[in-house]
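This report introduces a structure to a reader who has not met it before. Please look over the sequence and the coordinates before reading on.

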Number of protein chains: 2
Amino acid sequence: MVSGSMYKLGTAVSPIRAYYELGWSRAEELGRENIFDFSLGAPAVPMPDAYRRELIRLLEEEDQVKLHTYAPHPGVPETKKAITDDLNSRFGCSFDPGDIIMTAGAAPAISAVLSAIKTSPSDEIALLAPYFSEYSAIIEGLGLKKLEIKTLEPDFHLDLDAIERALGPDTAALLLNSPNNPSGAVYPAEDLKRLAEILKNKSEEFGRTIFLISDEPYRELMLEDEEFPFPANFYDDTVICYSYSKSLSIAGERMGYVLIPGANGERKKLFPAVMGAARANGVSNAPVLFQKALIKCAGLSSDTELYRKNRDVLYDALTSMGYVCTKPKATFYMMVKTLEDDRAFCERAASMGLIFAPCSGFGFPGYVRVALCVPEDTAKRSVGAFRRLMDSYRQEP
Amino acid sequence: MVSGSMYKLGTAVSPIRAYYELGWSRAEELGRENIFDFSLGAPAVPMPDAYRRELIRLLEEEDQVKLHTYAPHPGVPETKKAITDDLNSRFGCSFDPGDIIMTAGAAPAISAVLSAIKTSPSDEIALLAPYFSEYSAIIEGLGLKKLEIKTLEPDFHLDLDAIERALGPDTAALLLNSPNNPSGAVYPAEDLKRLAEILKNKSEEFGRTIFLISDEPYRELMLEDEEFPFPANFYDDTVICYSYSKSLSIAGERMGYVLIPGANGERKKLFPAVMGAARANGVSNAPVLFQKALIKCAGLSSDTELYRKNRDVLYDALTSMGYVCTKPKATFYMMVKTLEDDRAFCERAASMGLIFAPCSGFGFPGYVRVALCVPEDTAKRSVGAFRRLMDSYRQEP
C-alpha cells in the first residue's frame with residue numbers, strides 16, 4: 001500500500017553522502033580536526049551583508065501582516081522585475097518579469113518543468129555526464145527516461161558529435177548545467193552555438209521542440225575573470241532554472257525560479273503548464289521574506305574569493321603529488337581522477353578522514369568530486385591527508 | 001510538446017479567485033473602501049512578536065554561514081523536537097521528532113504523501129465535501145481519482161453512513177480536514193471514533209490499509225473554548241499534514257510538515273516513500289531560518305480574537321437579515337447559503353463589491369465561503385452591502 005518507486009527513491013543512498021559516515025567515524029581516532037569533509041556542496045561564505053540587513057529591516061519596519069502573506073503564485077512582481085532588470089543588463093537579454101515563476105529552489109523548478117513537458121512515458125531527457133546526481137532522482141521519480149551523453153575529458157566540455165548522434169524522436173529536452181556540478185566546466189560560447197544548431201536541426205527532423213533546460217545555480221560563481229556564456233542567448237527554446245542557494249549562500253532557505261523567455265516558441269502553453277505542475281506538486285513559491293529582500297539586492301552575490309583560494313591551493317598541491325585534476329573555471333567543485341574504482345577510492349580515502357563523492361554517482365566513474373566550499377584552513381591542512389592517500393597506492397606492489 | 005493535463009491545471013481558474021477581478025473592477029465607481037473582499041484565506045493578524053524577534057535575533061547574532069545552510073532533508077532536528085514536545089504535551093501523544101518531515105507548507109506535504117501511497121492508477125482518495133479546492137488540483141495532477149462524500153447540513157459534520165457505503169477496494173486514503181476549510185466545522189470526538197472503526201473495518205475487508213490523511217492547518221484557530229479532537233488520537237494509520245501559514249501568520253513563507261506516527265502500521269515503508277516523493281517533486285524542506293526560529297516558539301500562535309469578532313459581527317448581522325449561515329467553531333471561514341446558483345450569486349455580489357468564493361468549487365454547491373480574515377472595520381462596514389445584496393433578491397418578483 002506504499003509506492004515501490006517512491007520507497008526506492010527515498011531509500012537510495014546519495015553519492016554525496018555515501019562516505020560521510022565512514023569518514024566521520026574516524027573522528028575519535030584521528031581527531032576531528034583531521035577529518036577533511038569535501039562531500040557537501042554547501043556555501044562556506046556568508047550571504048552579502050546588504051541582503052542580511054535588508055532581511056532585518058523588513059522584519060523591523062514593515063507591516064508584518066502584509067510582509068508575510070501569500071505572494072501571487074508566480075512570485076512577487078517587484079522581485080521578478082529586479083531579477084529581469086539585473087539579467088537584462090548583464091546578459092543583454094530582454095526578459096520580462098512575467099517570464100518568471102519563483103520556486104523553492106532549483107530542484108522544484110526542474111521537477112515542474114519536466115512534468116510540464118512530459119507528454120509520453122517514453123519521453124527521455126538528455127543529460128550530459130558528469131551531471132548533478134539529483135537529476136536522476138527527479139527524472140526517474142517523474143517516470144521519464146534518462147539519455148546519458150558523456151562530455152570529453154580532460155576538460156569535460158560538450159561532445160557535440162555524440163550529442164548529435166544521441167538525440168532521437170523521444171528526446172523532450174536536454175538538461176544543461178553550466179557552470180557544471182561536479183566538473184566546474186563552463187561551456188564555451190562556440191560550443192553553445194553549435195549545440196543550438198544541433199537542437200534546432202533535431203527539433204525540425206523529429207517534428208517536436210527539444211527544449212534546452214538550463215540549470216544555472218553556479219552562474220555567479222565564476223572563478224576566472226571571464227564572461228559567462230549565457231545559454232538562453234544561443235537557443236530560443238530555452239527554459240532557465242535557477243537557485244540562489246550558492247550565489248546568496250542561502251541553500252537552506254529555498255529560493256529559485258523558472259524563467260521561460262518570450263522567445264521560447266512554446267511559451268504560451270509552457271508557462272501555464274509549469275504553473276500547473278507546480279500546483280500538482282504543491283509547490284507554490286519561494287519564501288516571501290527572502291523574495292522581498294531581493295528587490296533591492298538582485299545584483300548581489302556572495303564573495304567567491306575563498307572558493308578561488310581553495311581551488312588554487314588544492315589544484316596545485318594535488319597535481320604536484322601526481323593526482324590528475326581538471327582546474328575548474330567556476331563553481332566550488334573540482335574533479336580528481338581516482339587511482340582505482342571511484343567507490344573503492346572513496347572508501348579508502350574516508351578511512352583516512354578524507355570525504356568526497358564518487359563521480360559514478362554523477363554518471364562519470366573514475367573520478368571523485370571534491371567540494372571546495374570549506375574553510376581555507378581545512379583546505380590547507382588536508383594536503384597531508386591527500387599525500388598519505390597517494391602514498392598508500394604507491395606502496396602497493 | 002507540452003503536457004495537456006498540466007496545462008489544464010495551470011489555466012484552471014481557482015474558485016477562490018473567480019470573482020476577484022469582477023469585484024475589484026467596481027472600485028472606481030463604488031470607492032475602494034466599499035469593496036469588501038472576503039475571497040482569500042490570508043491571515044489578517046501579525047505573527048507572534050516573540051517569533052518575529054527570534055527571526056531578527058538569528059539574523060543578527062548567529063553565524064550566517066551555519067544559519068542558512070542546508071538542513072537535513074527531513075528538517076532541523078531541534079525544530080522537530082520542539083514540535084513533537086508541543087504536540088505531545090497538548091494532545092497526550094508520544095510522537096518522536098524522527099516522525100516528522102518538514103515541508104514548504106501543507107500542499108507539498110499532501111502531494112508527497114499522496115504520491116507515496118499511490119500504487120495504482122485506479123487508486124482513489126476520499127474527500128469529504130465541502131473540501132479545500134486545492135485538494136482536487138493535487139489529486140488530479142498526480143493521476144489519482146477523487147471519491148467525493150458529502151457532509152451533513154447544516155453543521156457539515158461527517159455523514160458516517162455515507163462514508164461507510166462509499167469506501168471501496170480502490171480507496172487508498174481518506175483526506176480529512178478538521179477544522180474544515182471552508183465550513184469551519186470541527187469534527188467531534190465521537191464521530192472520529194466511529195470514523196476510525198469504519199476505516200479499520202474497511203481496511204480489513206479490502207485487505208489494504210486505508211490511510212487517514214489529516215490536514216490540519218487550522219488546528220490552532222479554535223474560536224470556542226473547546227478542545228480540538230485530534231484525529232491521530234483516534235486512528236493508528238494516520239498521517240498528519242500541517243502548515244504554519246495560519247497559526248503563525250506566515251502564509252507566504254511556506255513552512256509545514258508531514259508527521260507519520262510510530263503507531264502507523266506502514267510507517268517503516270511510508271516514511272522513506274514520502275521522502276522519495278518529496279525528492280521527485282524537488283521539494284526539500286521548509287526555509288531554514290523559519291524552522292530555526294521555531295525552536296523557541298513551537299507553542300506560539302497568532303491571536304485569533306479578530307477572527308472571532310468578525311465571525312460574531314457577520315454571523316449576527318447576516319442571520320438577522322435572513323441569510324442562512326452555519327456559525328464556524330474554528331478557522332476564519334463561514335459558509336453562507338446562496339439565494340440562487342452559487343456562481344450567479346457570487347457574480348451578483350461581486351458586481352456590488354462583495355467578493356467571496358462559490359462553494360461549488362469546494363464540492364458543495366449552494367453556498368459561498370466568506371473569509372473572515374479581514375480588518376474588523378471591513379467586516380463591520382460590509383453589513384450594508386450584504387443588506388443590499390439580500391434586498392436585490394427580495395425585490396425580484
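Which residue takes a positive phi just after helix 11 of chain B? The residue is Gly282(B), with a phi of about 70°. The model discussed here is predicted, and the account moves from chain A to the contact between the chains and then back to helix 11.

**Chain A**

The secondary structure of chain A consists of 16 helices and 13 strands. Its C-alpha trace extends over about 65 × 55 × 55 Å along the principal axes. A compact globule of 397 residues would have a radius of gyration near 21 Å, and the 21 Å of chain A agrees with this. Buried residues make up 55% of the 397 residues of the chain. Among contacts in chain A with a separation of 6 or more, 76% join residues 24 or more positions apart.

**The contact between the chains**

Chain A and chain B each bring 67 residues to their contact. On the side of chain B that touches chain A, at least two residues come from each of helices 1, 4, 5, 7, 8, 11 and 12 of chain B. Helix 11 of chain B gives the most to that side, namely nine residues. The table divides the residues on this side of chain B by class.

| Class of residue | Number on the side of chain B that touches chain A |
|---|---|
| Nonpolar | 39 residues |
| Polar | 18 residues |
| Charged | 10 residues |

A turn of 180° with a shift of 0.0 Å along the axis lays chain B on chain A with an RMSD of 0.0 Å. This is the relation of a two-fold axis. The copies meet through the same surface, because 99% of the interface residues of chain B are also interface residues in chain A.

**Helix 11 of chain B**

Helix 11 of chain B has 14 residues, which at 1.5 Å a residue should span 20 Å; the end C-alpha atoms are 20 Å apart, in agreement. The helix is mostly covered, with 10 of its 14 residues buried. Among these buried residues are Leu270(B), Phe271(B), Val274(B), Met275(B) and Arg279(B).

Which elements cover the buried residues of helix 11 of chain B? The cover includes parts of both chains. From chain A come helix 1 (4-11), helix 7 (106-117) and helix 8 (134-141). From chain B come strand 2 (100-103), helix 7 and strand 8 (256-259).

Technical notes
Residues are numbered from 1 along each chain as its sequence is written. Chains are lettered from A and ligands numbered from 1 in the order in which they are written. This is a predicted model: local features need pLDDT of at least 70, side-chain atom pairs count only at pLDDT 80 or more; totals for chains, interfaces and linings use all residues. Helices (H or I, at least four residues) and strands (E, at least two) are DSSP runs, numbered from the N terminus. The radius of gyration is taken over C-alpha atoms; the globule rule is 2.2 Å times the number of residues to the power 0.38. A residue is buried if 20 or more other C-beta atoms lie within 10 Å of its own, exposed if 12 or fewer, and partly exposed in between; C-beta atoms are placed from the backbone. Two residues are in contact if their C-beta atoms, placed from the backbone, lie within 7 Å. Ala, Val, Leu, Ile, Met, Phe, Trp, Tyr, Cys and Pro count as nonpolar, Asp, Glu, Lys and Arg as charged, and the others, Gly among them, as polar. Copies are superposed by least squares on the C-alpha atoms of residues with pLDDT of at least 70 in both. The expected span of a helix is 1.5 Å times one less than its number of residues.
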